[in-house]
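Work through the exercises below with the model open. Try each task before reading its solution.

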Amino acid sequence: MSHLFFHQERRYVKPFQIYGNVYYVGDSWVCVHLIDTGDGLLLIDAGNVCATPWLVQAVWEAGFRPNDVKWIVLSHGHVDHVGGAEFFRDTFGTKLYMAEADVRMFREHPEFSFIQDSPSVLDRVFEPDVCIQDGDVLTFGRLKVQCYLVPGHTEGCVALFFDAYQGEETKRCGYYGGFGFNTLTCEFLEEMGDREYHMWKVYEESLDKVMDQPVDIFLGNHTENNRTLEKMEEFKKDPRRNPFLDREEWRRYLGQKKEELHVFRKKQLEAKGRR
Ligand SMILES: [Zn+2]
């Protein structure tokens, strides 16, 4: 897995404005979003481990100061999303938010965060400042963020909804903190103590829970979720048409994940039958 952490410079993406006060400061694989709340900056996720220098550079290059990052909300507790969290807290006093279930995972089963796969001996799990609970409305400066717990990829994945502003216009952003099936194989679930693969149902219920939310802008957790980089290229070519504005995409993508989950589940059970 270590290939995911080396040569971060090759993954660097020049930061760009997605819409109004929402900017992209992530790399070509792991998304990080910066929201200018009007009174301090919020980051959604903290980037890959070993990518922190490039995250700091991206915040500067987007036209902001890293020491204005007051809050980081972590989508879930995997090593590729929490990389810069402690650095920001130690250096700038940034407050760290994560869902309770993954705070517990850090305490009791840090190995499920894959922190041991980081090539840096300095990386470790940590204690966030605030545990996010289901239904929380968090206030960051002038921004209000509606939070829901969407367990599945990990037990502590969060979905976030908030309004972005561009002049007088408002658009609702939707973010889903973790889609990968890598933690849903029979083998992995058994290792986690889930011998009846209950997590498949949990994952599906989480999709259903937020599927009907009205979303104008679907923000990715990884760039492949919402074709972040392709949209960035399209946007550059024709700045009059913002490809991030798409009212269908949220529902379409979550629906697609549901179907993929059914196929995945079937294949997993078939493979298990052959064992
Ligand atoms: Zn993950």
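The exercises go from the whole chain to its sheets, core, helices and backbone outliers.

This is a predicted model: local features need pLDDT of at least 70, side-chain atom pairs count only at pLDDT 80 or more, and totals for chains, interfaces and linings use all residues. Residue numbers start from 1 along each chain as its sequence is written.

**Exercise 1. The whole chain**

Count the helices and strands of the protein chain, then judge its compactness.

Solution.
- Step 1. Helices (H or I, at least four residues) and strands (E, at least two) are DSSP runs, numbered from the N terminus. The protein chain has eight helices and 12 strands.
- Step 2. Take the radius of gyration over C-alpha atoms, and the globule rule as 2.2 Å times the number of residues to the power 0.38. The protein chain has a radius of gyration of 18 Å, close to the 19 Å from the rule for 275 residues, so it is as compact as a globular protein of that length.
- Step 3. Along the principal axes, the C-alpha atoms fill a box of roughly 55 × 40 × 35 Å.
- Step 4. A residue is buried if 20 or more other C-beta atoms lie within 10 Å of its own, exposed if 12 or fewer, and partly exposed in between; C-beta atoms are placed from the backbone. Buried residues are 43% of the 275.
- Step 5. Two residues are in contact if their C-beta atoms, placed from the backbone, lie within 7 Å. Of the contacts between residues at least 6 apart in sequence, 67% join residues at least 24 apart.

**Exercise 2. The five-strand sheet**

Trace the order of the open sheet of five strands and find its edges.

Solution.
- Step 1. Two strands pair if DSSP finds at least two bridges between them. The order is E8-E9-E10-E11-E12, with mixed pairing.
- Step 2. E8 and strand E12 (217–219) are the edge strands, each pairing on one side only.
- Step 3. Axes are lines fitted to C-alpha atoms, for helices over the stretch in contact, and angles run from 0 to 180 degrees between N-to-C directions. In this sheet, neighbouring strands are turned by 25° against each other on average, direction ignored.
- Step 4. Strand E8 (residues 137–140) runs antiparallel to strand E9 (residues 143–149), with four bridges. Leu-138 has Val-145 as its bridge partner in E9. Two residues separate E8 and E9 in a hairpin, and Gly-141 in the turn has a positive phi of about 55°.
- Step 5. E9 is also joined to strand E10 (residues 158–166) by four bridges, again antiparallel. Here Leu-149 is opposite Val-158.
- Step 6. Eight bridges link E10 with strand E11 (residues 169–176) in the antiparallel sense. Tyr-165 faces Thr-170 in E11. This hairpin also has two residues between its strands, and Gly-167 in the turn has a positive phi of about 60°.

**Exercise 3. The seven-strand sheet**

Why is one side of E1 and of E7 left without a neighbour in the sheet?

Solution.
- Step 1. The open sheet of seven strands has the order E1-E2-E3-E4-E5-E6-E7, with mixed pairing.
- Step 2. Strand E1 (16–19) and strand E7 (130–132) are at the edges with a single partner strand each, so one side of each has no neighbour in the sheet.
- Step 3. Strand E6 (residues 95–99) pairs with E7 in the parallel sense over three bridges. Tyr-97 stands opposite Val-130.
- Step 4. Helix H3 (residues 100–108) packs on the sheet and touches E6 and E7; its direction makes about 100° with that of E6.

**Exercise 4. The core and H1**

Which residues touch the most other members of the largest nonpolar core, and what covers H1?

Solution.
- Step 1. A nonpolar core is a set of buried Ala, Val, Leu, Ile, Met, Phe, Trp, Tyr and Cys residues joined through C-beta atoms within 7 Å. The largest has 71 residues; Leu-42, Leu-43, Ile-72, Leu-74, Val-158 and Leu-160 touch the most other members.
- Step 2. Leaving out residues up to four places away in sequence, Leu-160 touches Ile-44, Val-73, Val-145, Cys-147 and Tyr-175.
- Step 3. In helix H1 (residues 52–61), the buried residues are Thr-52, Trp-54, Leu-55, Val-56, Ala-58 and Val-59. Their cover includes strand E3 (33–36), strand E5 (69–73) and helix H2 (85–92).

**Exercise 5. Positive phi**

Is His-7 buried or exposed?

Solution.
- Step 1. His-7 is not a glycine, yet has a positive phi of about 55°.
- Step 2. His-7 has 9 C-beta neighbours inside 10 Å, so it counts as exposed.
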